[in-house]
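Here is a walk through one protein fold, from the sheet out to a few single residues. Have the structure open as you read.

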Amino acid sequence: MGESAAVRTLVFIPAWNEEEPIAAVIADVRRDLPAADILVVDDGSTDATAARAREGGVPVASLPFNQGLGAALQTGYLYALREGYDFCAHLDADGQHPAAEVARLLAEVEADRADLVIGSRYHAAAGEAESDDYKPTLSRRIGTSVFRFFLTLATRQRFTDTTSGMRAANRRVMSLFSEHYSPDFAEIESLQLAVREGLRVEEVPVRMLERAGGSSFLTPLRSAFFIFKGVVVLVVGQFRPRHMEAGR
């Protein structure tokens, strides 16, 4: 990269039926990451999510129907790679992820201290919780603990927040994830994949807020099933071949 070449950063926001908070999320990114481009990946929303995003002046990549978080995230990584961005980050569309925290993650990859950086709600250095901070349900805490145990065992690297949707990455990660990304357990399996491929994965303690609108689709029964399937995915992932040329 020449001295005159500007570093380009993309912040993409996977969204499914988030018409209420999406405008505020876009405004938050613009305020705290003014140099970054923004993309909303609309995962087949049936409400006005895409329209609200376009009204906010950002491009929207619309999937033809709801394909799940993994497909939406992979779309964002593929767009970032093909459009020549140097770095990218993503955050949830429900208002839980302050853009100021995303900026801290990007600073880590821009300084080449890691290839992929995860924003962790549960990191020991996260500090004392504030009144509007995210408070996980019992089922989510159980799921997080189970995934933390099995992912740490599988990768031999300690993780505290395996399902965090606040992440930043460089082009090595874009290249890998645009080709290989789980449709069902995007956050968990992607960490396992990145470590197995030799990428540098780090966690940074962050604040996360309560949802600004809507509600989570995870009921206690769905959470139990999600935990079971997630563990199976991690076990199977240990026996998959490595993609040695990915990200190079």
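A quick definition before we start: a residue counts as buried under 20% relative accessible area, as exposed over 50%, and as partly exposed in between. By that yardstick D112, at 48% relative accessibility, is partly exposed. Keep in mind that this is a predicted model.

**The sheet**

Let's start with the open sheet, which has seven strands in the order 3-2-1-4-6-5-7 and mixed pairing. Strand 3 (60–63) and strand 7 (201–205) sit at the edges with a single partner strand each, so one side of each has no neighbour in the sheet. From one strand to the next, the twist averages 20°. As background, strands of a sheet pair through backbone hydrogen bonds, either parallel or antiparallel.

Here are three of the pairings, each with a pair of residues that stand opposite one another:

| Strands | Sense | Bridges | Opposite residues |
|---|---|---|---|
| strand 2 and strand 3 | parallel | four bridges | V41 and A61 |
| strand 1 and strand 4 | parallel | four bridges | V11 and A89 |
| strand 4 and strand 6 | antiparallel | four bridges | F87 and N170 |

Strand 4 (residues 87–90) is worth a closer look. F87 and A89 point one way from strand 4, C88 and H90 point the other way, and all of them are buried. Helix 6 (residues 171–179) lies across strand 4, strand 5 and strand 6, and runs at about 100° to strand 6.

**Two nonpolar cores**

Which residues have the most contacts inside the largest nonpolar core? They are I13, I22, I26, V40 and L106, in a core of 31 residues. Strand 1, helix 1 (22–32), strand 2 (37–43), helix 2 (49–55), strand 4 and helix 4 each give two or more residues to this core. Helix 4 gives the most, with five residues. Leaving aside neighbours within four places in sequence, V40 is in contact with I13, A15, I22, I26, A53, V58, P59, V60 and A61. Apart from this core lies another, of 30 residues, which includes Y77, C88, I118 and F159.

**Helix 3 and helix 4**

Helix 3 (residues 69–82) has 14 residues and reaches 20 Å from its first C-alpha to its last, close to the 20 Å expected at 1.5 Å a residue. The buried residues of helix 3 are G70, A71, A72, L73, G76, Y77 and A80. After helix 3 comes G84, with a positive phi near 80°.

Over in helix 4 (residues 99–110) you'll find E101. Is E101 buried or exposed? E101 has a relative accessible area of 13%, so it counts as buried. Beyond its neighbours within four places in sequence, E101 touches M166, V206 and R207.

**Positive phi away from glycine**

Two residues other than glycine also have a positive phi. One of them is N17, with phi near 55°, in the loop between strand 1 and helix 1. N17 is partly exposed because its relative accessibility is 29%. The other is D112, which has a positive phi of about 60° although it is not a glycine. You'll find D112 in the loop between helix 4 and strand 5 (116–120).

Technical notes. Residues are numbered from 1 along each chain as its sequence is written. This is a predicted model: local features need pLDDT of at least 70, side-chain atom pairs count only at pLDDT 80 or more; totals for chains, interfaces and linings use all residues. Side-chain values use heavy atoms; hydrogens and water are left out. Buried means under 20% relative accessible area, exposed over 50%, partly exposed in between (1.4 Å probe, protein chains only). Contact means heavy atoms within 4.5 Å. The expected span of a helix is 1.5 Å times one less than its number of residues. Two strands pair if DSSP finds at least two bridges between them. A nonpolar core is a set of buried Ala, Val, Leu, Ile, Met, Phe, Trp, Tyr and Cys residues joined through side-chain atoms within 4.5 Å. Axes are lines fitted to C-alpha atoms, for helices over the stretch in contact, and angles run from 0 to 180 degrees between N-to-C directions.
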